[in-house]
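Reader: I would like to walk through this model before setting up any calculations. Please keep the answers short.

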Amino acid sequence: MPSSFSDKNKTGWHATILTLFPKMFPGPLGFSLAGKALNSGIWNLKTVDIRNFAQNKSRSIDDYPFGGGTGMVMRPDIVDTALEAVADRPGPRLYPSPRGAIFDQSWAKILAKEPGAVIFCGRYEGLDERVIKARNLKEVSIGDFVLSGGEPAAIIIMDALIRLLPGVLGTTTGLSEESFENGLLEYPLYTQPRNWNGIIVPETLTSGHHAKVKAWKRLKAESITRERRPDLWEQYMKNNDKSSSSR
Ligand code: SAM
């Protein structure tokens, strides 16, 4: 996708990405649901090349860490100027970082209700601490592992929230039984053929009995959540005030 795409469209949810690699965007977000939503103006994308704010001939934006240590650090003056250049773009200022709070579905929902977000993609060893504080950047982690840059994290965050924007899925009914809605993982899914290699689709699902199908789905969602995610299960039990006897 050519980079000129970024400023074409100014309607919808405003995504602003500061990055050393603008060509990484929209990347996967230019395809399927997110791509269609981008083309139809449900969201718009502005990418800003951090390198444009370099102040020396070598166009460097990083420097050695005080106190020693491996790698380089992104300079606060350059990060600050880059953020100032997008002061008119709406939404919270996010900095993908392994030190951040873990991104989850409830965070995606909160972001989808904002008018947009500004995401600063770190590289090297990350940002000088002073500019994180001065600019009140909210650190957000996509998991307990270390990526080589914030761009894949930004794409994941964006993908999760874009599908929640009104009009992206076409109807809101698709969301109600997904994983993390109601605090549960999704129940097992089946489609045609009914008999595949001798494995038959559970009878309840083909019974046409609406209430029984609903109960089956809830039961399976509960047992999968209990087995795979004890943390979610505990929270679900608390929220639904269920006694441990139903385990
Ligand atoms: N020195 C950092 C540390 O130990 O926490 C890791 C820096 S990492 C090599 C470079 C950049 O990748 C970070 O500044 C951040 O923007 C991004 N990044 C790495 N892991 C991430 C994660 N789990 N979630 C979100 N962003 C991440």
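The questions below go from the overall layout to single residues.

Reader: What kind of model is this, and how many helices and strands does the protein have?

Author: The model is predicted. Its C-alpha atoms fill a box of roughly 70 × 40 × 35 Å along the principal axes. As for secondary structure, the count is seven helices and nine strands.

Reader: How far apart do the C-alpha centres of domain 1 and domain 2 lie?

Author: The domain assignment gives domain 1 as 13-162. Domain 2 covers 173-245. Between their C-alpha centres the distance is 36 Å.

Reader: What share of the contacts with a separation of 6 or more comes from residues 24 or more positions apart?

Author: Some context on burial comes first: the protein has 247 residues, and buried ones make up 42% of them. Among the contacts with a separation of 6 or more, the share from residues 24 or more positions apart is 73%.

Reader: Strand β1: how many of its residues are buried?

Author: β1 spans residues 13-19. In a regular strand the side chains alternate between the two faces of the sheet. On one side of β1, Trp13, Ala15, Ile17 and Thr19 are buried. On the other, His14, Thr16 and Leu18 are buried too, and the count is seven of seven.

Reader: Which residues are the bridge partners of Ile17 in β2 and β6?

Author: β1 runs parallel to β2 (residues 43-49), with seven bridges joining them. β1 also runs parallel to β6 (residues 116-120), here with five bridges. Ile17 in β1 takes part in both pairings: its partner in β2 is Thr47, and its partner in β6 is Ile119.

Reader: Which helix joins β1 and β2 in a β-α-β unit, and what is the handedness of that unit?

Author: The helix is α1, residues 32-39. Together with β1 and β2, α1 makes a β-α-β unit. Its handedness is right-handed.

Reader: Where does UniProt place the feature "binding site"?

Author: The annotation comes from an unreviewed UniProt entry. Two of its positions, Gly143 and Val146, are in the loop between β7 and α5. The full set in the record is Gly122, Ile142, Gly143, Asp144, Phe145, Val146 and Leu147.

Reader: Gly143 and Val146: is each buried or exposed?

Author: Buried means under 20% relative accessible area, and exposed means over 50%. Gly143 has 9%, so Gly143 is buried. Val146 has 71%, so Val146 is exposed.

Reader: Asp128: is it buried or exposed, and which side chain does it join in a polar contact?

Author: Asp128 lies in the loop between β6 and α4 (129-134). Its relative accessibility is 15%, so Asp128 counts as buried. The polar contact, at 2.7 Å, joins its side chain to that of Arg130.

Reader: Which residues is Asp128 in contact with, leaving aside its neighbours within four places in sequence?

Author: The neighbours set aside are those within four places in sequence. Beyond them, Asp128 is in contact with Val73, Met74 and Pro76.

Reader: Which residue pairs are joined by a cis peptide bond?

Author: In each cis bond omega is about 0°. One of these bonds involves Pro26, in the loop between β1 and α1. Another involves Pro193, in the loop between α5 and β8 (195-196). The pairs are Phe25 and Pro26, and Gln192 and Pro193.

Reader: Arg59 is not a glycine. What is its phi?

Author: Arg59 sits in the loop between β2 and β3 (62-63). Arg59 has a relative accessible area of 40%, so it is partly exposed, which lies between the 20% and 50% cut-offs. Its phi is positive, about 60°.

Reader: And what is the phi of Asn136?

Author: Asn136 is found in the loop between α4 and β7. Its relative accessible area is 63%, so Asn136 is exposed. Asn136 is not a glycine either, and its phi is positive, about 50°.

Definitions and conventions: Residues are numbered from 1 along each chain as its sequence is written. This is a predicted model: local features need pLDDT of at least 70, side-chain atom pairs count only at pLDDT 80 or more; totals for chains, interfaces and linings use all residues. Side-chain values use heavy atoms; hydrogens and water are left out. UniProt positions are given in the numbering used here, feature names are shortened, and annotations may be inferred rather than shown by experiment. Helices (H or I, at least four residues) and strands (E, at least two) are DSSP runs, numbered from the N terminus. Buried means under 20% relative accessible area, exposed over 50%, partly exposed in between (1.4 Å probe, protein chains only). Domain bounds come from an automatic or database domain assignment. Two strands pair if DSSP finds at least two bridges between them. A crossover is right-handed if, with the strands pointing away from the viewer, the path from the first strand over the helix to the second runs clockwise. A polar contact is a pair of N or O atoms within 3.5 Å; within protein, one must be able to donate a hydrogen and the other to accept it, and residues adjacent in sequence count only if both atoms are side-chain atoms. Contact means heavy atoms within 4.5 Å.
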